Amino acid sequence: MKIAVIGTGYVGLVTGTCLAETGNHVTCVDINTDKIEKMQSGILPIYEPGLELLFHRNISQNRLTFTTDLASAIDQSQIIFMALPTPPNGDGAADLSFILGAAKDVAGLITDYKVIVNKSTVPVGTAEKVKAIFKQYTHIEVDVVSNPEFLREGVAVEDFMKPDRVVLGTVSERAKKIMSDLYAPYVRQGNPILFMDEKSSELTKYAANSFLATKITFMNEIANLCELVGADVDSVRKGIGSDERIGKRFLFPGIGYGGSCFPKDVQALVKASDDYAYDFKILKSVIEVNDSQKTVLIDKVIKYYGDDLSGKHFALWGLAFKPETDDIREAPSLYIIKALLSKGATVTVFDPEGSENTKAIFGDKISYAANAYEAVKGADALLIATEWSVFRNPDFDQISVLMKERVIFDGRNLFNLDKMIDLGYYYNSIGRHLIEKAEDIAKLQPVRD
Ligand code: UDX
């Protein structure tokens with residue numbers, strides 16, 4: 001099939017590349033000339049595991065091309081994906097101007113039937129608005145399909161190639177046939193293609209992300225409570241997760257969810273509900289709790305050192321909002337760095353992929369280490385904000401020598417408590433027993449048993 005993908009951001013690029021991988025001819029379009037030229041010369045502008053290989057393979061086999069010329073891309077394609085940004089505007093609602101603008105441009109260019117597929121996360125009713133634009137600006141028949149993405153950064157290629165489900169919002173039989181042919185190679189293992197009306201499909205995306213954000217937030221509150229009552233969140237997590245109705249996944253407490261999706265989508269659903277005079281109370285609490293969860297690690301630091309951190313030097317492992325990405329949008333690490341600096345501390349950070357993006361925000365206000373060990377050199381304490389695999393089993397002999405004090409505040413619960421006791425660390429993690437200095441450890445033993 002011949003496909004155009006408008007918008008070469010994260011979703012557009014993964015979608016375009018993965019669609020080319022099953023033999024389709026995909027033209028990716030963007031108004032950013034610089035970006036298109038880079039991709040034409042084989043430079044992939046984002047970091048996403050596994051994408052680079054597919055990107056080069058499909059370019060070299062002429063199935064994946066890049067252009068700024070919307071007219072030519074559309075002329076050759078039967079299916080037109082829109083993967084455009086929907087940033088929150090001032091009141092948290094999704095800004096649709098990119099999508100509606102692109103729909104108008106496309107409407108002015110088409111000369112035969114097209115399937116217009118919306119991949120962006122959009123409020124309920126957007127497909128209707130897009131349809132109305134086509135009605136207004138062209139007499140050519142189109143079908144507008146809502147096709148939300150459920151791609152997780154870091155595993156987006158795998159998520160696209162083997163989705164748990166494909167959601168397609170359309171009532172047109174013609175579009176259903178074209179879209180199920182397109183997605184057939186991706187659901188060979190038997191995962192479903194779910195057809196529904198456009199509005200249900202649009203709401204499915206918001207409901208999925210808001211539910212997951214709620215699940216994490218619930219666990220974060222359980223973790224906070226564990227600390228107060230002296231319970232262990234790992235045990236509670238396993239205890240509830242083995243109930244299949246709850247499930248084991250997305251129960252890991254931490255320092256709040258971040259990224260480009262959860263914060264934006266939860267807020268947009270609250271705003272959309274408000275527009276219908278529906279008070280979505282649980283989601284309003286999720287936003288509030290997540291904001292305060294981002295301060296948890298700093299609160300612990302202040303409790304330990306007091307409010308004035310001048311003269312203290314901290315190492316921070318992890319900048320990206322989660323592992324396997326360079327994305328720092330809404331990352332808890334940003335809050336942590338700001339708070340440390342505002343209280344007079346100095347900071348050295350290390351992240352396998354996120355340093356460049358962080359430099360754009362903090363510049364030389366902080367130091368950037370080349371590896372995890374360099375970061376901890378001379379540090380009064382180590383803070384951990386992202387659970388990269390490389391942090392999971394470090395050489396503590398080396399770390400103990402490099403650090404000024406053996407003090408760790410771990411926002412991602414990376415280390416085994418017994419190990420930290422053996423190593424003689426002060427170890428403060430999320431929802432687990434506090435491991436204090438050697439002299440206090442003995443009294444903790446019975447609790448752990
Ligand atoms: C999410 C959705 O999973 C995906 O389906 C959607 O299309 C886009 O939004 P993503 O933002 O890439 O994907 O990250 P995800 O892996 O879902 O994690 C989101 C946030 O939740 C991260 O900040 C992560 O650290 C946090 N999280 C996740 C937890 O704190 N605990 C968990 O148990 C799981």
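**Exercise 1. Locate Gly 363 in this predicted model and decide whether Gly 363 is buried or exposed.**

Solution.
Step 1. Gly 363 sits in the loop that joins α15 (355-362) to β11 (367-368).
Step 2. Residues with 12 or fewer other C-beta atoms within 10 Å are classed as exposed.
Step 3. Gly 363 has 8 C-beta neighbours inside 10 Å, so Gly 363 counts as exposed.
Step 4. As a check on position, take Val 117, which is 246 residues away from Gly 363 along the chain. The C-alpha atoms of Gly 363 and Val 117 are 40 Å apart.

**Exercise 2. Place Ile 31 in the fold and state its exposure.**

Solution.
Step 1. The loop between β2 (25-29) and α2 (33-40) contains Ile 31.
Step 2. There are 14 other C-beta atoms within 10 Å of Ile 31, which means that Ile 31 is partly exposed.
Step 3. Thr 8 is 23 residues from Ile 31 along the chain, and their C-alpha atoms are separated by 9.2 Å.

**Exercise 3. Describe the backbone and surroundings of Asn 62 and Phe 250, each with a positive phi.**

Solution.
Step 1. Most residues other than glycine have a negative phi.
Step 2. Asn 62 has a phi near 60 degrees. Phe 250 also has a phi near 60 degrees.
Step 3. Asn 62 belongs to the loop between α3 (51-60) and β3 (64-67). Phe 250 belongs to the loop between α10 (233-241) and α11 (262-275).
Step 4. With 9 other C-beta atoms within 10 Å, Asn 62 is exposed. Phe 250 has 16 C-beta neighbours inside 10 Å and therefore counts as partly exposed.

**Exercise 4. Test the length of helix α6 (residues 126-137), then find where its buried residues lie.**

Solution.
Step 1. α6 has twelve residues, and at 1.5 Å a residue they should span 16 Å. The expected span takes 1.5 Å times one less than the number of residues.
Step 2. The end C-alpha atoms of α6 are 17 Å apart, which agrees with that expectation.
Step 3. The buried residues of α6 include Thr 126, Ala 127, Val 130, Ile 133 and Phe 134.
Step 4. Viewed down the axis of α6, the buried residues fall within an arc of 120 degrees, so they line one face of the helix.
Step 5. Exposed residues Glu 128, Lys 135 and Gln 136 are on the face of α6 turned away from the buried side.
Step 6. The cover over the buried residues of α6 includes α5 (97-107), β5 (114-118), β6 (142-146), β7 (166-169) and α9.

**Exercise 5. Carry out the same analysis of faces for α5.**

Solution.
Step 1. Ile 99, Ala 102, Ala 103, Val 106 and Ala 107 are buried in α5.
Step 2. Their directions from the axis of α5 fall within an arc of 135 degrees, so these buried residues line one face of the helix.
Step 3. Ser 97 and Gly 101 are exposed, on the face of α5 turned away from its buried side.
Step 4. The buried residues of α5 pack against β1 (2-6), α4 (70-75), β4 (79-82), β5 and α6.

**Exercise 6. Which residues of helix α13 (residues 296-305) are buried, and what covers them?**

Solution.
Step 1. Val 296, Leu 297, Ile 298, Lys 300 and Val 301 are buried in α13.
Step 2. Their cover includes the helices α12 (281-293) and α14 (332-342). The strands β12 (381-384), β13 (407-410) and β14 (426-428) are also included.
Step 3. Just after α13 comes Gly 306, with a positive phi of about 95 degrees.

**Exercise 7. Divide the chain into domains and describe how domain 1 meets domain 2.**

Solution.
Step 1. The chain divides into domain 1 (2-196), domain 2 (205-293) and domain 3 (296-448).
Step 2. Between the C-alpha centres of domain 1 and domain 2 the distance is 29 Å.
Step 3. Contacts link eleven residues of domain 1 with ten residues of domain 2.
Step 4. On the domain 1 side of this contact there are seven nonpolar, two polar and two charged residues.

**Exercise 8. How many residues surround the ligand, and which domains supply at least three residues each?**

Solution.
Step 1. The ligand is surrounded by 19 residues, of which the closest are Glu 153, Phe 252, Tyr 257, Gly 259 and Cys 261.
Step 2. By class, eleven residues of the shell are nonpolar, four are polar and four are charged.
Step 3. Helix α9 (residues 198-229) gives the most to the shell, with three residues.
Step 4. Domain 1 (2-196) and domain 2 (205-293) each supply at least three residues to the shell.

Conventions:
Residues are numbered from 1 along each chain as its sequence is written. This is a predicted model: local features need pLDDT of at least 70, side-chain atom pairs count only at pLDDT 80 or more; totals for chains, interfaces and linings use all residues. A residue is near a molecule or strand if its C-beta atom, placed from the backbone, lies within 6 Å of it. Helices (H or I, at least four residues) and strands (E, at least two) are DSSP runs, numbered from the N terminus. Ala, Val, Leu, Ile, Met, Phe, Trp, Tyr, Cys and Pro count as nonpolar, Asp, Glu, Lys and Arg as charged, and the others, Gly among them, as polar. Domain bounds come from an automatic or database domain assignment. A residue is buried if 20 or more other C-beta atoms lie within 10 Å of its own, exposed if 12 or fewer, and partly exposed in between; C-beta atoms are placed from the backbone. The arc is that of the directions from the helix axis to the C-beta atoms. Two residues are in contact if their C-beta atoms, placed from the backbone, lie within 7 Å.
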